Amino acid sequence: PTVCFLITCAVALLYVGIKLLLSATMQPRGLRTKDYQAFNHCFRTFFIIFTIVALATAGIMALFGSDKMEVKNIILWESAGIYFIYLLRKAQIFASASNLFSTILYLCALEFLPTGLIVASAMIF
């Protein structure tokens with residue numbers, strides 16, 4: 001369990017590092033600085049929302065005597081839903097300054113690549 005925890009922490013830090021590196025080097029043309037800052041800080045907002053929802057869910061389910069696997073599955077689905085809303089919001093911000101094709105390509109590079117890394121590591125470990 002300790003090794004898995006350390007690997008998970010390392011992958012999470014790698015995820016954040018890749019996102020920071022990509023967002024620092026790939027500012028899209030035509031997007032105002034204020035919009036780009038909102039685009040980059042969107043992650044923090046949705047992470048805070050997810051944390052509050054996950055803690056509340058875990059607490060409520062523990063009160064009603066749910067087992068750990070049920071709690072894990074519910075939090076997994078909540079995280080997927082919040083992540084989907086997060087991607088839609090980022091696409092809205094980016095699409096306000098560019099076309100749909102550029103938005104999809106940019107999100108693939110900035111979101112799907114690091115997310116694929118974290119999902120693949122979660123499946124392996």
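Which residues of α2 are buried? Keep that question in mind while setting up the view, and bear in mind throughout that the model on screen is predicted.

**The whole chain**

Begin with everything selected and shown as a cartoon: the protein has 4 helices and 0 strands, and from the N terminus on its elements run α-α-α-α. Aligned along the principal axes, the C-alpha atoms fill a box of roughly 50 × 30 × 20 Å. If you switch to a surface, the protein exposes about 8700 Å², of which carbon and sulfur atoms supply 76%. Colouring by burial picks out 26% of the 125 residues as buried. Among contacts with a separation of 6 or more, 72% are accounted for by residues 24 or more positions apart. Colouring by charge shows 9 positive and 5 negative charges, whose mean positions are 14 Å apart.

**Helix α1**

Select residues 2–25 next, which make up helix α1. At 1.5 Å a residue, its 24 residues should span 34 Å, and the end C-alpha atoms are 35 Å apart, so the two values agree. Show the side chains of Val11, Tyr15, Lys19, Leu22 and Ser23, which are the buried residues of α1.

Stay with Lys19, which is found in this helix and, at 10% relative accessibility, counts as buried because the cut-off lies at under 20%. Leaving aside residues up to four places away in sequence, Lys19 touches Phe43, Tyr86, Lys90, Leu110, Glu111 and Pro114. Of these partners, Tyr86 and Lys90 are listed among the buried residues of α3, a helix visited below. For a distance to draw within the viewer, take the C-alpha atoms of Lys19 and Cys9, which are 10 residues apart along the chain and separated by 15 Å.

**Helix α2**

Now select residues 33–63, helix α2, and return to the opening question: its buried residues are Asp35, Tyr36, Phe39, Cys42, Phe46, Ala54, Thr57 and Met61. An α-helix has 3.6 residues a turn, so residues three or four places apart point the same way. With the list displayed as sticks, centre on His41, where α2 bends by about 40°. The end-to-end span can be checked as before: the 31 residues should cover 45 Å at 1.5 Å a residue, and the end C-alpha atoms are 46 Å apart, which agrees.

Thr57 deserves its own selection, being a member of α2 that is buried with a relative accessible area of 12%, as this value is under the 20% cut-off. Its contacts, not counting residues up to four places away in sequence, are Ile74, Ile75 and Glu78, and Glu78 is itself one of the buried residues of α3. Moving past the end of the helix, select Gly65, which follows α2 and whose phi is positive, near 80°.

**Helix α3**

Finish by selecting residues 68–95, helix α3. Its 28 residues should span 40 Å at 1.5 Å a residue, and its end C-alpha atoms are 40 Å apart, which agrees. Display Val71, Glu78, Ile82, Tyr86, Leu87, Lys90, Ala91, Ile93 and Phe94, the residues that are buried in this helix.

Two neighbouring selections show other degrees of exposure. Met69 has its place in α3 and counts as partly exposed at 48% relative accessibility, because that class ends at 50%. A distance drawn between the C-alpha atoms of Met69 and Ser102, 33 residues apart along the chain, comes to 40 Å. Glu70, also placed in α3, is partly exposed with a relative accessible area of 42%. For Glu70 and Ala58, 12 residues apart in sequence, the C-alpha to C-alpha distance is 9.7 Å.

Notes. Residues numbered from 1 in each chain as written. Predicted model: local features only at pLDDT ≥ 70, side-chain atom pairs only at ≥ 80, totals over all residues. Heavy atoms only, no water. Helix = DSSP H or I, 4+ residues; strand = E, 2+ residues; numbered from the N terminus. Buried < 20%, exposed > 50% of the residue type's maximum accessible area, 1.4 Å probe, protein only. Contact = heavy atoms within 4.5 Å. Expected span 1.5 Å × (residues − 1). Areas by Shrake-Rupley, 256 points an atom, 1.4 Å probe, with all protein chains shown as cover. Lys, Arg positive; Asp, Glu negative; His and termini not counted. Charge placed at Lys NZ, Arg CZ, Asp CG, Glu CD. Bend = angle between axes of the 7 residues up to and from the residue.
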